[in-house]
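Biologist: I am new to this structure and would like a close look at charge, at the surface and in the interior. Please take it slowly and explain the terms as they come up.

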Amino acid sequence: MINFIAEISSNHHRDLQRSIKFIDAASQAGCSAVKFQLFRIDKLFAVGALPDKEVARRKKWELPIDFIPKLALRCHEVGIEFSCTPFYLDAVAELEPYVDFYKVASYELLWDDLLVACARTGKPVILSTGMANLDEIKHAVEVLRNNNCEPTLLHCTSAYPTPHDEANLAAIETIRNSTGCEVGWSDHTVNTGIIHRAIHKWKVKIIEFHLDLDGKGAEFESGHCWLPEQIGSVIKQVQDAQDGDGNGIKEPGPSEAPDRPWRADPSDGLRPLKSIRDSSN
């Protein structure tokens, strides 16, 4: 089974009803989880790192903390998991009663204290590895394991959007072999072929992707967000392909049965089999 995780990012407009619509759309598309982000701009960037105008703009992307229990409840009502990325240490405790798993972003991979805080909750941790080299990834895994957490890693390229020829999907196997962790793909390409390649060639079991409802989200113009009908089509293709695996036994299928008697008879090479010809006389 392939688990698709819909990343809502800052496309929610600080609107609870819109946020709930994201959850419903993700569930209807076939996702197994939805992920939001919990950050506060003054705890995300050092003073002076961004112009005041940019700080003010990004404050409008902050998810209200009182949304969290309501979003978790809606996820569980529609049968999918709720996750949220903590971007400051207190956010770990604020999310703990509600999340089914934590997701740590690529930008926070170097922050041991955040990794430790997530691990010590005892909840599963998924960690994105964009921009990281192998030594940095192995260190983060060691920190988590030292705190009794076996993480799942997501290979990704932290460019928004990612050119398809920079996806470097072969790194999935490199990370898997070097860490022993389950490795998935966090997509920023919005490329159907890349999703299929990650699943069918590199055997990932988790696909994370950025979702927008209607092309009006704060991040949609960047070009790295899927719309529900786009990702829904991909998920259906993946599910249909899995249904095609069958039981592995080589035997005639039910849909073949009517045609079996119409094969060439071994005695004269003519169709149908002589038993069918004889019975029609």
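Modeller: On the surface of this predicted model, Arg197, Lys201, Lys203 and Lys205 gather in a patch of positive charge (like charges joined within 9 Å, from residues with over 30% relative accessible area and no salt bridge; areas by Shrake-Rupley with a 1.4 Å probe). The model is predicted, so local features need pLDDT of at least 70 and side-chain atom pairs 80 or more, while totals for chains, interfaces and linings use all residues. Residues are numbered from 1 along each chain, and side-chain values use heavy atoms, without hydrogens and water.

Within the patch, arginine 197 belongs to helix α9, residues 192-200 (a DSSP run of H or I, at least four residues; strands are E, at least two), and its 46% relative accessibility makes it partly exposed, between buried, under 20%, and exposed, over 50%.

For charge in the interior, turn to lysine 103 and glutamate 208, whose side chains form a salt bridge at 2.9 Å, N to O (a Lys or Arg side-chain nitrogen within 4 Å of an Asp or Glu carboxyl oxygen). Lysine 103 sits in strand β4 (residues 101-104) and glutamate 208 in strand β8 (residues 206-211), so the pair ties together parts 105 residues apart in sequence. Lysine 103 is buried at 4% relative accessibility, and glutamate 208 is buried at 2%.

Glutamate 208 is also among the residues that serine 186 touches, as are Ser128 and Leu154 (contact: heavy atoms within 4.5 Å). Serine 186 lies in strand β7, residues 182-187, and counts as buried because its relative accessibility is 2%.

Terms used:
Patch = residues over 30% accessible without salt bridge, like charges linked within 9 Å, V, L, I, M, F, W, Y side chains within 5 Å. Lys, Arg positive; Asp, Glu negative; His and termini not counted. Charge placed at Lys NZ, Arg CZ, Asp CG, Glu CD. Buried < 20%, exposed > 50% of the residue type's maximum accessible area, 1.4 Å probe, protein only. Lists of a residue's contacts leave out its neighbours within four places in sequence.
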